[in-house]
Amino acid sequence: MDNDCLFCRIVAGEIPATVVHETATTLAFRDIDPKAPVHVLVIPKAHHGDVLALARDPQAAAEVLAASAEVAQAEGLTADGFRLIFNTGRHSGQEVFHVHAHVLGGRPLGPMVSG
């Protein structure tokens, strides 16, 4: 756990979150500033700074991917589709440097990148 990491503090129960799915190694909770009707963040409970770090732990990466699929199913997104996004680095818009997948859906999402 990184004591300065917002998501590590959520995992530790120090900061509240609306949890929608949890396994022994992952946690999924609603984004506090949703960009779609469904916007859930899926994180590994162990701290990995970004997707590059997560890729060095294939088991954790697989668990985050499986949890993301379970969230999409539970949120009713699989019939019409959903978007799964990992932002990596400042230019991508990553704001919290604890790897997290955004599960987005519930309406047509439009183009991947504008402008």
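The paragraphs below lead through a predicted model, beginning with its sheet and ending with its cysteines.

A good place to begin is the open sheet, which has five strands in the order 1-2-3-5-4 with antiparallel pairing. At its edges lie strand 1 and strand 4 (82–86), each of which pairs on one side only. From one strand to the next, the twist averages 20°. As general background, the strands of a sheet pair through backbone hydrogen bonds, and the pairing may be either parallel or antiparallel.

Following the sheet inward from strand 1, the reader meets a hairpin, formed by strand 1 and strand 2 with three residues between them. Strand 1 covers residues 19–22 and strand 2 covers residues 26–30, and the two run antiparallel, joined by three bridges. Within this pair, Val 19 has Phe 29 of strand 2 as its bridge partner, while Glu 22 stands opposite Leu 27, also in strand 2. Strand 2 is in turn joined to strand 3 by five bridges, again with the two strands running antiparallel, and here Thr 26 is found opposite Pro 44 of strand 3. On the way to strand 5, strand 3 pairs once more in the antiparallel sense, over five bridges, and Leu 41 has His 102 of strand 5 as its bridge partner.

How much of strand 3 is buried? Seven of its seven residues are buried, so that the strand is mostly covered by the cut-off of under 20% relative accessible area. The covering applies to both faces, since Val 38, Val 40, Val 42 and Pro 44 are buried on one side, and His 39, Leu 41 and Ile 43 are buried on the other.

Helix 3 packs on the sheet, where it touches strand 1, strand 2, strand 3, strand 4 and strand 5, and its direction makes about 155° with that of strand 3. The packing can be read together with the largest nonpolar core, which has 14 residues, and in which Val 40, Val 42, Val 71 and Val 103 are the ones with the most contacts inside the core. Strand 3 (38–44), helix 3 (58–74) and strand 5 (101–105) each supply at least two residues of this core, and the largest share, five residues, comes from helix 3. More generally, nonpolar side chains in soluble globular proteins tend to be buried together. Val 42 gives a closer view of these surroundings: leaving aside residues up to four places away in sequence, Val 42 touches Leu 27, Ala 28, Val 64, Ala 67, Ser 68, Val 71, Val 99, His 100, Ala 101 and Val 103.

A second, separate core has nine residues, including Cys 5, Cys 8, Ile 10 and Phe 29. Both of these cysteines are covered, Cys 5 being buried with a relative accessible area of 7% and Cys 8 counting as buried at 2% relative accessibility.

Why is Cys 5 not bonded to Cys 8? A disulfide is, in general, a covalent bond between the sulfur atoms of two cysteines. The cut-off used here asks for two cysteine sulfur atoms within 2.5 Å, but the sulfur of Cys 5 lies 3.7 Å from the closest cysteine sulfur, that of Cys 8, and this is too far for a bond. Seen from the other partner, Cys 8 is likewise in no disulfide, with the sulfur of Cys 5 as its nearest cysteine sulfur, 3.7 Å away. By this rule, the count of disulfides comes to zero.

How values were computed:
Residues numbered from 1 in each chain as written. Predicted model: local features only at pLDDT ≥ 70, side-chain atom pairs only at ≥ 80, totals over all residues. Heavy atoms only, no water. Buried < 20%, exposed > 50% of the residue type's maximum accessible area, 1.4 Å probe, protein only. Core = buried A, V, L, I, M, F, W, Y, C linked by side-chain atoms within 4.5 Å. Helix = DSSP H or I, 4+ residues; strand = E, 2+ residues; numbered from the N terminus. Contact = heavy atoms within 4.5 Å. Pairing = 2+ DSSP bridges. Axes fitted to C-alpha atoms, helices over the stretch in contact; angles between N-to-C directions.
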